[in-house]
Amino acid sequence: MARVIKKYPNRRLYDTETSAYITLAEVKQFVLAHENFLVQDARSGEDLTRSILLQIILEEESGGVPMFSSDMLANVIRYYGHSMQGLMGSYLERSIGAFHEAQKKFQEQSSALYGAVPNFRPDAWAQLVPGAANIPMGDFLEKSASSVISMQEELRKQAMQMFSAFPYAAPSATAQPAADKPESEPVAPRAKTRRGK
């Protein structure tokens, strides 16, 4: 069962499990702890979970070190209402999942190898594998988004090449109508006049 958080018109968040008001920072802690929760509008019951998660992302992007560059965000915005919006969303979702799984496996392997070492921090793997820490999530997603854009451009070029062989403009002078079927006389009316005679 998901933990229910009510959002009131004064923007305050109320945790129904603890019967106390909570902050956005505490909701972020639920996310970090992989806790299942649902944010609802206190009056209408509308699901506001996505908007709260976006608000957390906005606060994270505004302060500290942002994950996404302006170009990355502009590219994401350009896909809203685009025919490939669904593809971009699912592609980014799978990319984040793959990145998360790779990080998780590396942490498991690190803890198996260095678990007995005292004061071994989770971020210490960056010192063990030079260059591995230079692949932040933002860059990973940016490269993923760029590959989708490149794929779309390549598909567009291939479609243009494929369909360029078909004449969509007015017929050229070299195109000749069939000699046995004059354009002015349709087949069906001719059959009727023969029956009539």
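Ile-22 touches Ile-5, Leu-13, Asp-15, Val-27 and Phe-30, leaving aside residues up to four places away in sequence; contact here means heavy atoms within 4.5 Å. The structure is a predicted model, in which local features need pLDDT of at least 70 and side-chain atom pairs count only at pLDDT 80 or more, whereas totals for chains, interfaces and linings use all residues. Residues are numbered from 1 along each chain as its sequence is written, and side-chain values use heavy atoms, with hydrogens and water left out.

**Nonpolar cores**

Ile-22 belongs to the largest nonpolar core, a set of 11 residues that also includes Ile-5, Leu-13, Leu-24, Val-27, Phe-30, Phe-37, Val-39, Leu-48, Ile-52 and Ile-56. A nonpolar core is a set of buried Ala, Val, Leu, Ile, Met, Phe, Trp, Tyr and Cys residues joined through side-chain atoms within 4.5 Å. Buried means under 20% relative accessible area, exposed means over 50%, and partly exposed lies in between (1.4 Å probe, protein chains only). Helix 1, strand 4 and helix 2 are the elements that give two or more residues to this core. The largest share, three residues, comes from helix 1. Another core, of six residues, lies apart from it, and Phe-68, Met-72, Tyr-79 and Met-88 are among its members. In soluble globular proteins, nonpolar side chains tend to be buried together.

**The sheet and the helices across it**

Helices (H or I, at least four residues) and strands (E, at least two) are DSSP runs, numbered from the N terminus. Four strands form an open sheet in the order 3-2-1-4, with mixed pairing. Two strands pair if DSSP finds at least two bridges between them. Strand 3 and strand 4 (37–41) are the edge strands, each pairing on one side only. Strand 1 and strand 2 pair in the antiparallel sense over three bridges, and Lys-7 has Leu-13 in strand 2 as its bridge partner.

Helix 1 lies across strand 1, strand 2, strand 3 and strand 4, and runs at about 85° to strand 3. Helix 2 lies across strand 1, strand 2 and strand 4, and runs at about 105° to strand 4. For these angles, axes are lines fitted to C-alpha atoms, for helices over the stretch in contact, and values run from 0 to 180 degrees between N-to-C directions.

**Phe-37 and Thr-49**

Phe-37 is found in strand 4 and counts as buried at 10% relative accessibility. Not counting residues up to four places away in sequence, Phe-37 touches Ala-2, Arg-3, Ile-5, Val-27, Phe-30, Val-31, Thr-49 and Leu-53. The C-alpha atoms of Phe-37 and Val-27, 10 residues apart along the chain, are separated by 8.9 Å.

Thr-49 lies in helix 2 and is buried, with a relative accessible area of 13%. With residues up to four places away in sequence left out, Thr-49 touches Phe-37, Leu-38 and Val-39. A polar atom of the Thr-49 side chain lies 3.0 Å from the backbone nitrogen of Val-39.

**Salt bridges**

A salt bridge is a side-chain nitrogen of Lys or Arg within 4 Å of a carboxyl oxygen of Asp or Glu. By this rule the count comes to four. The table gives three of these pairs.

| Pair | N to O distance |
|---|---|
| Arg-3 and Asp-15 | 2.7 Å |
| Glu-17 and Arg-3 | 3.8 Å |
| Glu-60 and Lys-28 | 2.8 Å |

The salt bridge of Arg-3 and Asp-15 links distant parts of the chain, with Arg-3 in strand 1 (residues 3–7) and Asp-15 in strand 2 (residues 13–15), 12 residues apart. Arg-3 is buried at 10% relative accessibility, and Asp-15 is buried with a relative accessible area of 1%. Glu-17 lies in the loop between strand 2 and strand 3 (20–22) and Arg-3 in strand 1, so their salt bridge ties together parts that are 14 residues apart in sequence. Glu-17 counts as exposed, at 55% relative accessibility.

The salt bridge of Glu-60 and Lys-28 also links distant parts of the chain: Glu-60 is in helix 2 (residues 49–62) and Lys-28 in helix 1 (residues 24–32), 32 residues apart. Glu-60 is partly exposed at 39% relative accessibility, and Lys-28 is partly exposed with a relative accessible area of 27%. Salt bridges that share partners join Arg-3, Asp-15, Glu-17 and Glu-35 into one network.

Notes: A polar contact is a pair of N or O atoms within 3.5 Å; within protein, one must be able to donate a hydrogen and the other to accept it, and residues adjacent in sequence count only if both atoms are side-chain atoms.
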